[in-house]
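Reader: I'm in my first year and still learning to read models like this one. Could you take me closely through the part that holds the metal, and then show me how it sits in the whole?

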Amino acid sequence: MSQQTILFVDDEVNILKALNRLTRHEPWTVLCASRGSEALELLDKTSAQVVVSDQRMPEMSGVDLLQSVRDRHPDIVRMMLTGYTEINVAVDAINRGEIFRLITKPWNDEELKATIRQAFDHFHLKHEIKRLNLVTREQNFRLQDMNRNLEDKVRERTKQLAEKHHELRTAYVQTIRALAEAVDAKDAYTRGHSERVGVYASKLAREMSFPKDFIERVYIAGLLHDVGKIGVPDHIITKPERLTDLEYEEIKRHPEIGARILEPVTFLAEVVPCVRHHHEWYDGSDHGYPARLCGDQIPLPSRVILVADTVEAMTSDRPYRKALSLEIVIRELHTYSGTQFDPAAVRAMLALFEREGDGFLRKNQKFDIYEFIEG
Ligand SMILES: [Fe+2]
Ligand SMILES: [Fe+2]
């Protein structure tokens with residue numbers, strides 16, 4: 001049960017007595033004051049919800065008192081009880097004291113009690129509204145806080161995921177490079193061959209304006225294109241003299257062997273056909289192997305890799321010859337464009353030579369495929 005305290009202010013003792021009598025059977029705590037200053041002191045010490053004041057009193061008028069109450073205790077419901085019914089007093093009381101009701105003397109007991117009850121209800125209603133507003137505001141703040149925390153957490157987790165993803169992709173490429181290097185190491189002359197084919201092929205793919213995931217696939221396929229040489233006897237791979245027909249047939253098995261090695265690896269599924277067909281000729285002639293595919297039948301990355309592969313081989317020393325000059329390489333590309341090579345890949349290679357010259361072939365450059373793709 002909420003507490004109900006009312007303060008009556010009147011300089012006439014009889015009025016205060018009458019009011020006390022009137023409220024005797026009500027569940028209200030009644031306070032009385034005969035001066036404005038006394039009333040204000042009482043309100044500072046005790047909590048009341050309703051103040052009923054006379055207008056005409058010595059020292060301080062009722063309107064002045066109620067204005068002070070409004071300033072100091074805005075929640076207290078204020079009423080004026082007066083025999084003095086000049087309109088300007090009423091207007092003052094309403095405007096300055098912001099009173100709830102104006103009651104005239106002499107009063108009707110039941111009406112006065114009903115009005116006081118309304119005043120208490122009014123107080124408790126306002127109090128409840130205020131409390132609910134506060135609760136709502138607090139909950140809003142808490143919700144905003146939770147939202148902010150959630151956003152921060154999501155941002156943080158997304159960042160962590162991106163980092164993990166990058167780490168995984170880098171580890172994946174490093175593993176593939178290690179494998180490619182192991183194959184190249186079978187022959188001193190081909191050391192670094194696969195890595196360079198991967199680099200040249202991805203540069204070609206970018207020159208041809210292919211999307212990022214395509215460039216990545218071309219790079220990986222470039223690294224792995226000769227992985228099947230692992231299944232070709234070393235003495236054939238390292239043989240410095242011209243190969244016999246039989247030995248050449250043996251060498252020609254490396255794309256198929258490579259594809260077979262990679263086939264069980266799920267995440268390399270798209271790379272397998274690129275490896276299998278990296279020695280097909282664009283014109284479909286029987287120089288190409290293993291399937292003698294023609295033109296568009298040959299996977300696009302294979303066509304890009306073939307040009308990169310040939311350029312890398314021609315510009316590297318071999319036991320039987322020195323690296324060929326750029327001039328000769330360019331002539332060869334022109335000669336075999338449309339027969340061995342996809343003319344689009346040749347055009348891109350020539351454009352790269354045009355722009356970068358010998359710099360394009362600089363060996364042992366550091367290359368990060370993901371920096372390259374994003375850059
Ligand atoms: Fe090859
Ligand atoms: Fe190769």
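Author: Start with the sequence. The donor residues of the iron ion (ligand 1) follow the spacing D-x27-H-x23-H-H. Keep in mind that this is a predicted model. Now put names to those letters. Asp226 gives an OD atom, while His254, His278 and His279 each give NE2. These protein donors lie 2.1 to 2.3 Å from the iron ion (ligand 1). Next, look at the angles. Among the four donor atoms they run from 81 to 170°, and the site is irregular. To count as tetrahedral, four donors would need all angles between 85 and 135 degrees.

There is a second metal. The iron ion (ligand 1) and the iron ion (ligand 2) are 3.6 Å apart, and Asp226 coordinates both. Now see where two of the donors come from. Asp226 sits in the loop between helix H7 (212–224) and helix H8 (234–237), and His254 sits in helix H10 (residues 254–262), so this pair ties together parts that are 28 residues apart in sequence. Are Asp226 and His254 buried or exposed? Both are buried.

Turn to the iron ion (ligand 2). Its protein donors are His193 (NE2), His225 (NE2), Asp226 (OD) and Asp309 (OD). They lie 2.1 to 2.4 Å from the ion. The angles among these four donor atoms span 76 to 169°, and this site is irregular. Along the sequence, the donor residues are spaced H-x31-H-D-x82-D. Two of these donors, His193 and Asp309, link distant parts of the chain. His193 is in helix H6 (residues 193–207), Asp309 is in helix H12 (residues 300–314), and the two are 116 residues apart. Both His193 and Asp309 are buried.

Now look at H7, the helix before the loop that holds Asp226. Check its length. At 1.5 Å a residue, the 13 residues of H7 should span 18 Å, and its end C-alpha atoms are 19 Å apart, which agrees. How many residues of H7 are buried? The count is 10 of the 13, so the helix is largely enclosed by the rest of the structure. Among the buried ones are Phe214, Ile215, Val218 and Tyr219. Glu216 is also on that list, as are Leu223 and Leu224. What covers them? The cover includes helix H5 (109–184), H6, H10, helix H11 (271–276), H12 and helix H15 (369–374). You have met some of these names already. H6 carries His193 and H12 carries Asp309, and H10 carries His254.

Stay with H10 for a moment. Ile257 is in this helix too. Ile257 has 16% relative accessibility, so it counts as buried, since the cut-off is under 20%. Which residues does Ile257 touch, leaving out those up to four places away in sequence? They are Gly228, Gly231 and Val232. Take Gly231. It is 26 residues from Ile257 in sequence, yet the C-alpha atoms of the two are 6.7 Å apart.

Move on to the loop between H11 and H12. Pro290 is found there. A cis peptide bond joins Tyr289 and Pro290, with omega about 5°. Arg292 lies in that loop as well. Arg292 is not a glycine, but its phi is positive, about 50°.

The other end of the numbering has similar details. A cis peptide bond joins Lys105 and Pro106, and omega is about -5°. Pro106 is in the loop between strand S5 (101–104) and H5. Glu59 is in the loop between strand S3 (50–53) and helix H3 (62–72). Its phi is near 70°, a positive value in a residue other than glycine. Glu59 has 71% relative accessibility, so it counts as exposed.

Finally, step back. The protein has 15 helices and five strands. Its radius of gyration is 48 Å, well over the 21 Å that the globule rule gives for 375 residues, so it is more spread out than a compact globule. Its C-alpha atoms fill a box of roughly 135 × 40 × 35 Å along the principal axes. Of the 375 residues, 43% are buried. Among contacts with a separation of 6 or more, 65% join residues 24 or more positions apart. The exposed area is about 21000 Å², and carbon and sulfur atoms supply 52% of it.

Note on methods:
Residues numbered from 1 in each chain as written. Chains lettered and ligands numbered in written order. Predicted model: local features only at pLDDT ≥ 70, side-chain atom pairs only at ≥ 80, totals over all residues. Heavy atoms only, no water. Donors = N, O, S within 2.8 Å, 3.2 Å for Na, K, Ca; no water. Tetrahedral: all angles 85-135°; square planar, octahedral: opposite > 155°, others 65-115°. Helix = DSSP H or I, 4+ residues; strand = E, 2+ residues; numbered from the N terminus. Buried < 20%, exposed > 50% of the residue type's maximum accessible area, 1.4 Å probe, protein only. Rg over C-alpha atoms; globule rule 2.2 N^0.38 Å. Contact = heavy atoms within 4.5 Å. Areas by Shrake-Rupley, 256 points an atom, 1.4 Å probe, with all protein chains shown as cover. Expected span 1.5 Å × (residues − 1).
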